[in-house]
Structures are given as structure tokens and as C-alpha cells.
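Subject: Handing over a structure, with notes on what was found

Dear colleague,

I am passing on to you the structure shown below, together with its sequence. Please keep both open while you read, since the notes that follow go through them step by step.

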Amino acid sequence: MYFFISNLSFLDICYTSVTVPNILVSTAVSKNTVSFWGCMAQVYFFTGFATTECLLLAAMACDRYVAICIPLRYFTIINKAVCLQLAGYAWLCGVANGVVQTVFTSRLALCGHNEIDRMYCEVQPLVKLSCSDTYVNDALATTSAAVFGVSCLVFILISYLFIISAILRIPTKDGQHRAFSTCASHITVVVLYYGALIFMYLLPPSETTKKVDSIVSIIYSILTPFLNPIIYSLRNQEMKCAMKKVVHCGKVGTC
């Protein structure tokens, strides 16, 4: 589990490094522009990291399934080689999908206005700006969403159906609580990440959603990666004790 968490933490650092520096510079100098190749670089890295995160969250769901549903065989099934293969596959798919999406997006003929409804560059708003045929781009985006987004979410949901079923069969409440606590952090991260994805890409477009797209994009690309380490740290007993101490000190005014 901690191997996958370390991969996710590194990914979150990369995620925010793609968008935050440019946003801070734009805010500081009041210049909301980006070069074409700078925009393509953002498209590549953002698409790649988003793909990797979907697959890592699916791998973590698999890890939790084996830990709770097949605990006696956990170290046999989820061994070091399997962990390395799952993580390597996630990163490799991210690189490949990023390359494909960026190459085809860079070939689009962009004309008319050059403003996008995002705080950073990604495929969807750039396709909307194009005055050329976007059939291939739409097909690639749909395929990518289905393979790396929807299929991973379905896999996670099915895994948790088995996990919940196994937890409910545990005879004691304490045992159920301990089993569920090992999944609580992962469930929270999945809800935050996929909730923002569904809001941005699956809901039908409207004037209201267009106005809040930028806000949701910030939650998706900045707030969620920022919260992930905090969410997973809550499973650490020492972190819990430290937080309780801080809250207690705040209430009494001294430590």
C-alpha cells in the first residue's frame, strides 16, 4: 500500500508542477498568456499524469481487495514484482497517452479567438477552438476516457462491492471498523478525483457549468493533489496524535 502511496505522492508533485507555476506567474504579472509549445507541453504532461493517476487508483483498489478479501495470500499475490509491474504499467500508459493526445492536438488548425475556459491547457478546450475537422481528436479523447477513466472507475467500484461484502461478513464491529479504515483514505481520494472529472467532462454543457469550469479545474488539478498526502497521513497514528495535540492546544490556548 505504501509503495502505491509513494507513487501517488510523486505524481501529485508532478501534477501541480504542470499548472501552478504558470498560474502564479500569470497572476503576478497580470498576463494570462502562454506560448503554443508551452501550451502543448502542458497538454502532454497533464494528460499523462491524469492517465497515470486513474491507473494508480485502480491498482490501489486491487491492493485493498486482495488485502481484505484474500488476506492469507496477500504477500504471495501482491509481491514486489507485481507492485513494480502495476506502477510501471500506469506510468507507461500515461506517457503513451500523453504523446498520442498531444501529437494530434498540435496538428489542429486553430483560428478565431484564442481564449480557453481553463486556467491551463488541455485537450478538450483546445479542440473547441479548432476550425478543422476534429473527428480523430474526438475519437481519441473518447477512447482515452473510456479506457483509462470509465473502465478504471468501474473496476474500482466492482472491487469495493467485493470489499464491502467481505467486511460485512466479519463477525465483530471492531474488525469491520479496522478493515474499513484501511480503505477510507483511498475511497476519499477516489471520490474527490472522479467527482471533479465527472463534473468537468460528463455533465452536459451549459452556461452555468462553463462559468464554474475554471473553479472545478483548480480543484481537479491543484486542490485534490494537495489534499491527497493529508488524507493518507490521517492513517498514521503519530500524525493523528499530533493533530489532536494541535487542536487541544488551540482550544486551551497553550500546550
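In this protein, residues 24 or more positions apart account for 78% of the contacts that have a separation of 6 or more. Please bear in mind throughout that the model is predicted.

The overall make-up comes next. The protein has 9 helices and 0 strands, and from the N terminus on its elements run α-α-α-α-α-α-α-α-α. Of its 255 residues, 38% count as buried.

Some individual residues show what such long-range contacts look like, and a good place to begin is Phe4, which is found in helix α1. Phe4 counts as buried because its relative accessibility is 1%, which is under the 20% cut-off for that word. Leaving out residues up to four places away in sequence, Phe4 touches Leu56, Ala59, Met60, Asp63, Cys83 and Leu86. Phe4 also has a C-alpha atom 8.6 Å from that of Leu57, although 53 residues separate the two in sequence.

One of the residues touched by Phe4 is Ala59, which lies in helix α2. With a relative accessible area of 7%, Ala59 is buried as well. If its neighbours within four places in sequence are set aside, Ala59 is in contact with Phe4 and Leu86. The C-alpha atoms of Ala59 and Ala87 are separated by 7.9 Å, and these two residues stand 28 residues apart along the chain.

Thr19 is a further residue of helix α1, and it counts as buried at 0% relative accessibility. In sequence Thr19 and Tyr120 are 101 residues apart, yet from C-alpha to C-alpha they are 6.2 Å apart in space. Not counting residues up to four places away in sequence, Thr19 touches Gln42, Phe46, Tyr120, Ser221 and Ile222.

Now to the cysteines. How many disulfides does a search of the whole structure find? The search finds 1, and it is formed by Cys39 and Cys121, whose sulfur atoms are 2.1 Å apart. This pair links distant parts of the chain, since Cys39 sits in helix α2 and Cys121 in the loop between α4 (80-106) and α5, with their positions 82 residues apart. In general terms, a disulfide is a covalent bond between the sulfur atoms of two cysteines. The torsion about the S-S bond of Cys39 and Cys121 is about -115°, and the disulfide is therefore left-handed. Both Cys39 and Cys121 are buried.

Cys54, by contrast, is in no disulfide, and the nearest cysteine sulfur, which belongs to Cys152, is 5.6 Å away. Cys54 counts as buried because its relative accessibility is 6%. Why does the sulfur of Cys93 make no bond to the closest cysteine sulfur? That closest sulfur is in Cys152, at 8.8 Å, which is too far for a bond, given that a disulfide needs the two sulfur atoms within 2.5 Å. Cys93 is buried too, its relative accessible area being 12%.

Two polar residues are also worth a look. Gln101 lies in helix α4 and is buried, with a relative accessible area of 5%. Apart from residues up to four places away in sequence, Gln101 touches Thr47, Val123, Leu140, Ala141 and Ser144. Thr182 lies in helix α7, which covers residues 173-201. At a relative accessible area of 19%, Thr182 is still counted as buried, because the word applies to values under 20%. The side chain of Thr182 reaches the backbone oxygen of Ala179 at 2.6 Å.

Finally, there is a pocket to find in the model. The second largest pocket has a volume of about 620 Å³, and of the 25 residues that line it, the closest to its centre are Asn32, Thr33, Val34, Asn114 and Ile116. Helices α1 (2-29), α2 (36-69) and α5 (123-129) each supply at least two residues of this lining. Sorted by class, the lining holds 13 nonpolar, 10 polar and 2 charged residues.

With best wishes

Methods: Residues numbered from 1 in each chain as written. Predicted model: local features only at pLDDT ≥ 70, side-chain atom pairs only at ≥ 80, totals over all residues. Heavy atoms only, no water. 1 Å grid on protein atoms, 1.4 Å probe; cavity = no way out; pocket = protein on both sides within 12 Å on 5 of 7 lines; lining within 4 Å. Points joined across faces, edges and corners; volume = space filled by probe spheres on them. Helix = DSSP H or I, 4+ residues; strand = E, 2+ residues; numbered from the N terminus. Nonpolar A, V, L, I, M, F, W, Y, C, P; charged D, E, K, R; others polar. Buried < 20%, exposed > 50% of the residue type's maximum accessible area, 1.4 Å probe, protein only. Contact = heavy atoms within 4.5 Å. Polar contact = N/O pair within 3.5 Å; in protein donor to acceptor, adjacent residues only side chain to side chain.
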